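Biologist: Could you take me slowly through one part of this model, beginning with a single pairing of strands and then moving outward to the rings and loops? I would like each step to be tied to particular residues.

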Amino acid sequence: MTSLTSRIGAELDRLRSSGLHISPRVLEAPQRARTRVAGRDVVNLASNNYLGFSDHPFLKERAEAFVRTWGVGAGAVRTIAGTLSIHEELEEKLAAFKGTGSALVFGSGFTTNQGVLGSLLQEGDLVVSDELNHASIIDGLRLAKATKKVFKHKDMQDLERVLAEHPTDGLKLVVTDGVFSMDGDIAPLDEIVAVARRHGAVTYVDDAHGSGVLGEAGRGTVHHFGFEHDDDVIQIGTLSKAWGVVGGYAAGTHDLRDLLINKARPFLFSTGHPPAVVGALLAAIELVQREPQIMERLWENTRYFKAELRRLGFDTFGSQTPITPVIFGEAAAAFAASRMLLERGVFAVGIGFPTVPKGLARIRNIVTADHTRDDLDLALAAYEFVGRELGVVAG
Ligand SMILES: *Cc1c(COP(=O)(O)O)cnc(C)c1O
């Protein structure tokens, strides 16, 4: 018999001895470009708060107003009595923004992948997934009875090969992140959709890191490549990153939405968003369109930070977006660099195997619209010091 204590103890020991044990850093001030960590004022390069919306007055005001009018909770799952008119308003605004016919909101991006992949795929179907796709896609696919295959990261020949080797009369689905969360590179959707179409496959894009970042006014990767009106391209995403709040969505045809309402288990069996979340998200969709300078600042900061890091001699890998990895090689070096950066007032997190391949341990930085030039210069000076100390750059 295994006791609970011995199960937990053994599992923690296993995690510690394989170097996989983590404990989250705690922010002692709001989620902003400057915050407090470990008792220090820091420049924050660790968040997904691309547009600075997490603590934005315009979103907070709307959240407060919605609490006063609508209360603090939805009171039931969406399919029973938890759909308030504001939920449907958010979905209509989101669909209009995305340029798709319809949208359905979920509790999170994670559960969106579970709900959509779990509802769409059946036995006899084929799903082909990029090897660097997000954990929530991998877990969503575990729920699907379809045949599951992986293709090499952004490798169109390999995608072509996998599709050709597994013919089926069932549904074929090619699944990719829009922007890859560890390397910051953009999926070549034009090529992926072309290959998928040659094989009669539908393309499924998880645009968690593309929405609010790419495409006109942040409409996302699918819009960036001009596929938003195509019924054979499904997009899902999160409302927890650039949108600054929490939630996920699937955007596509009206019938897709109808199917998900009826079949997606995270939608059917989990309570709808509280009004404050809905209000803040409605404000976010409005704000990103009304103030295009916010996204312009995000990209200006991104270009500056990347160019300066490269000038200092750092390897930012294949990044094309505000996600800016700085490669340190071994995990120990990346973790040491993260500690040294924190001592110099920069909060940026080291990431090693198995989240990224061995030898490509890195610090993953995300630049936001809210960083000032001073914030970025402070971070760059700290990087220069740490890079030299660790022998990663010359000097
Ligand atoms: C972060 C992320 C998610 C999860 O989104 P949450 O709203 O935080 O649950 C899903 N897919 C990708 C690609 C992500 O980067």
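Modeller: Strand 1 is joined by four bridges to strand 2 (residues 40-44), and the two run antiparallel. Please keep in mind throughout that this is a predicted model. In general, the strands of a sheet pair through backbone hydrogen bonds, in either a parallel or an antiparallel way. Within this pairing, Arg36 stands opposite Asp41 in strand 2.

The loop between strand 1 and strand 2 contains Ala38, a residue that has a positive phi of about 50° although it is not a glycine. Is Ala38 buried, partly exposed or exposed? Its relative accessibility is 46%, and because buried means under 20% and exposed means over 50%, Ala38 counts as partly exposed. Lys154 can be read alongside it, since phi of Lys154 is near 55°, again a positive value in a residue other than glycine. Lys154 lies in the loop between strand 5 (147-151) and helix 7 (156-165), and with a relative accessible area of 29% it is partly exposed.

Returning to the sheet, three strands form it in the order 1-2-11, and it is an open sheet with mixed pairing. Its edge strands are strand 1 (34-37) and strand 11 (346-347), each of which pairs on one side only.

From the strands we can move to the aromatic rings, where a search of the whole structure finds five aromatic pairs. One of them is formed by Phe106 and Phe267, which meet edge-to-face, with 6.0 Å from centre to centre and 70° between the planes. This pair links distant parts of the chain, for Phe106 belongs to strand 3 (residues 102-106) and Phe267 to helix 11 (residues 265-268), 161 residues apart. Both Phe106 and Phe267 are buried.

Phe314 and Phe328 form another aromatic pair, a tilted one, with 6.4 Å from centre to centre and 55° between the planes. Phe314 lies in the loop between helix 13 (292-311) and strand 10 (323-329), while Phe328 lies in strand 10, so the pair ties together parts that are 14 residues apart in sequence. Phe314 is buried, at a relative accessible area of 5%, and Phe328 is buried as well, at 9%. Phe314 and Phe328 also belong to one aromatic cluster, together with Phe305 and Tyr383.

Some rings have a charged partner. The charged end of Arg344 sits over the ring of Phe385, 3.6 Å from its centre, and the charged end of Lys358 sits over the ring of Phe353, 4.2 Å from its centre. Phe353 deserves a second look, as the peptide bond from Phe353 to Pro354 is cis, with omega near 10°. Pro354 itself is placed in the loop between strand 12 (349-351) and strand 13 (361-366).

Finally, helix 10 shows how buried and exposed residues can be arranged around one element. The buried residues of helix 10 (residues 254-263) are Leu256, Arg257 and Leu260. Seen down the axis of helix 10, these buried residues fall within an arc of 100°, so they line one face of the helix. The face turned away from that buried side carries the exposed residues His254, Asp255 and Asn262.

Definitions and conventions
Residues are numbered from 1 along each chain as its sequence is written. This is a predicted model: local features need pLDDT of at least 70, side-chain atom pairs count only at pLDDT 80 or more; totals for chains, interfaces and linings use all residues. Side-chain values use heavy atoms; hydrogens and water are left out. Rings of Phe, Tyr and Trp (its six-membered ring) pair if their centres lie within 6.5 Å; planes under 30 degrees apart count as stacked, over 60 as edge-to-face and the rest as tilted. Buried means under 20% relative accessible area, exposed over 50%, partly exposed in between (1.4 Å probe, protein chains only). A charge sits over a ring if NZ of Lys or CZ of Arg is within 6 Å of the ring centre and within 35 degrees of the ring normal. The arc is that of the directions from the helix axis to the C-beta atoms. Two strands pair if DSSP finds at least two bridges between them.
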